[in-house]
Amino acid sequence: MGLTANYEFIAARKTQLRYYRSTPLYHHAKNGGFVLYKPAGLSVNEMRIQQGRMPNRLFIKSCDKLQGLQEVQRVFNKQLKKDIQSNHPDRIKETLVNIMEETLSEPRSGSLEGVKSTINILVSEYTQDTDVIRNLLFVSDKDYTTTLHSINVMTLTLVYASYLGFSLAKKRILGLCALLHDVGKTKININLLTAPRRLTNEEFHEIKRHTTLGYKILSRCEFGNPEVKLTALQHHEKLDGSGYPHGRKDPSSFSQIIGFIDCYEALTNDDRPYRSSADPFKALSLIRREVEAGKFDRTIFEQFAHSLKR
């Protein structure tokens, strides 16, 4: 176990240590370098982790970051299947949060594609019973984050898609669009995203960049369907041309669906000091004004409202 040189190292999350089997782990040596702690092919014993019988901090090579992330994703996706089979919405949502937090920690090609497996599991094993997936919306969360918002939008989207009887293939793409529509926010200053006040015009202009940033990130990925990156770019466009980033009047159909549901979810869950979250009826009433003004599609509004009642 010799010392390593000419490598960059990043700290491994303590909560994920037991998942790294193919990924080597390292610890600080006395001379300031790094020493191999666990080689590829072995796992860190969970009992050792719980009893603290190991270094306080372990590291992985930066060049192994993507491999490690994909390894963690696979473990969480296996856990997701078990959670679904045991029908525990709180565990399911917790696992989804873990998957998305890991994925968004390194949002690039190779990691984002791993979410396809997550969506496939949800669509194939979960959306056959709309009431079951709807229960995810009633699992309370302490902190409202981009991760939780994306999961909620995805859940509402799958409920909507199931109500309309979309094919499994269409559900998978639509669910993927929903889960990744805000990926560009990973490149926006977190202080702006969580500011407990109204943003200045300059700050809001910066926030709006998440659409083009998301498009650039997803353009490097291989999803096999352009709607994923297009939805990230266009979900804030409006039919009257008043949206952003380009003021288009013809956003894609998936972008219209995700944009509508994105607005509804934000109204019902995003509680700010200057604005309280709205109940579903109030939120729909507010969005109806946008429909009347020609910003949202009336058919999507009516279909979504009916999917909620179901």
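## Starting at Y244

Is Y244 buried or exposed? In this predicted model, Y244 counts as buried because its relative accessibility is 13%, under the 20% cut-off. Its ring partner F204 is partly exposed, with a relative accessible area of 40%.

The centres of the F204 and Y244 rings are 6.1 Å apart and the planes meet at 85 degrees, so we can call this pair edge-to-face. F204 belongs to helix 9 (residues 201–208), while Y244 is in the loop between helix 11 and helix 12, so the pair ties together parts 40 residues apart in sequence. Y244 has another visitor too: the charged end of K208 sits over its ring, 5.3 Å from the centre.

## The chain as a whole

Stepping back, the chain has 14 helices and five strands. Of its 310 residues, 48% are buried. About 15,500 Å² is exposed, and carbon and sulfur atoms supply 48% of that.

What about contacts along the sequence? Take those between residues at least 6 apart: 66% of them join residues at least 24 apart.

## Two nonpolar cores

In soluble globular proteins, nonpolar side chains tend to be buried together. Here the largest nonpolar core has 66 residues, and M154 and L180 have the most contacts inside it. Helix 6 (residues 146–163) is the top contributor, giving eight residues to this core.

Setting aside neighbours within four places in sequence, L180 is in contact with M100, L112, V115, L218, F223, V228 and A232. There's also a second, separate core of five residues, with I188, L192, L193 and L213 among them.

## More aromatic pairs

The count of aromatic pairs comes to eleven. Besides F204 and Y244, there's Y264 with F304, again edge-to-face: 4.9 Å centre to centre, with 70 degrees between the planes. Y264 lies in helix 12 and F304 in helix 14 (residues 298–309), so this pair also ties together parts 40 residues apart in sequence. Both Y264 and F304 are buried.

These two rings are part of a cluster, where ring pairs link Y160, F166, F260, Y264, F296, F301 and F304. One cluster member, F166, has the charged end of K170 over its ring, 4.1 Å from the centre.

## S252, in the loop before helix 12

S252 is in the loop between helix 11 (227–234) and helix 12 (253–269). Despite being a loop residue, S252 is buried, with a relative accessible area of 10%. Leaving out residues up to four places away in sequence, S252 touches E227, L230 and Q234.

Definitions and conventions. Residues numbered from 1 in each chain as written. Predicted model: local features only at pLDDT ≥ 70, side-chain atom pairs only at ≥ 80, totals over all residues. Heavy atoms only, no water. Helix = DSSP H or I, 4+ residues; strand = E, 2+ residues; numbered from the N terminus. Buried < 20%, exposed > 50% of the residue type's maximum accessible area, 1.4 Å probe, protein only. Contact = heavy atoms within 4.5 Å. Areas by Shrake-Rupley, 256 points an atom, 1.4 Å probe, with all protein chains shown as cover. Core = buried A, V, L, I, M, F, W, Y, C linked by side-chain atoms within 4.5 Å. Phe/Tyr/Trp six-rings, centres within 6.5 Å; stacked < 30°, edge-to-face > 60°. Lys NZ or Arg CZ within 6 Å of the ring centre and 35° of its normal.
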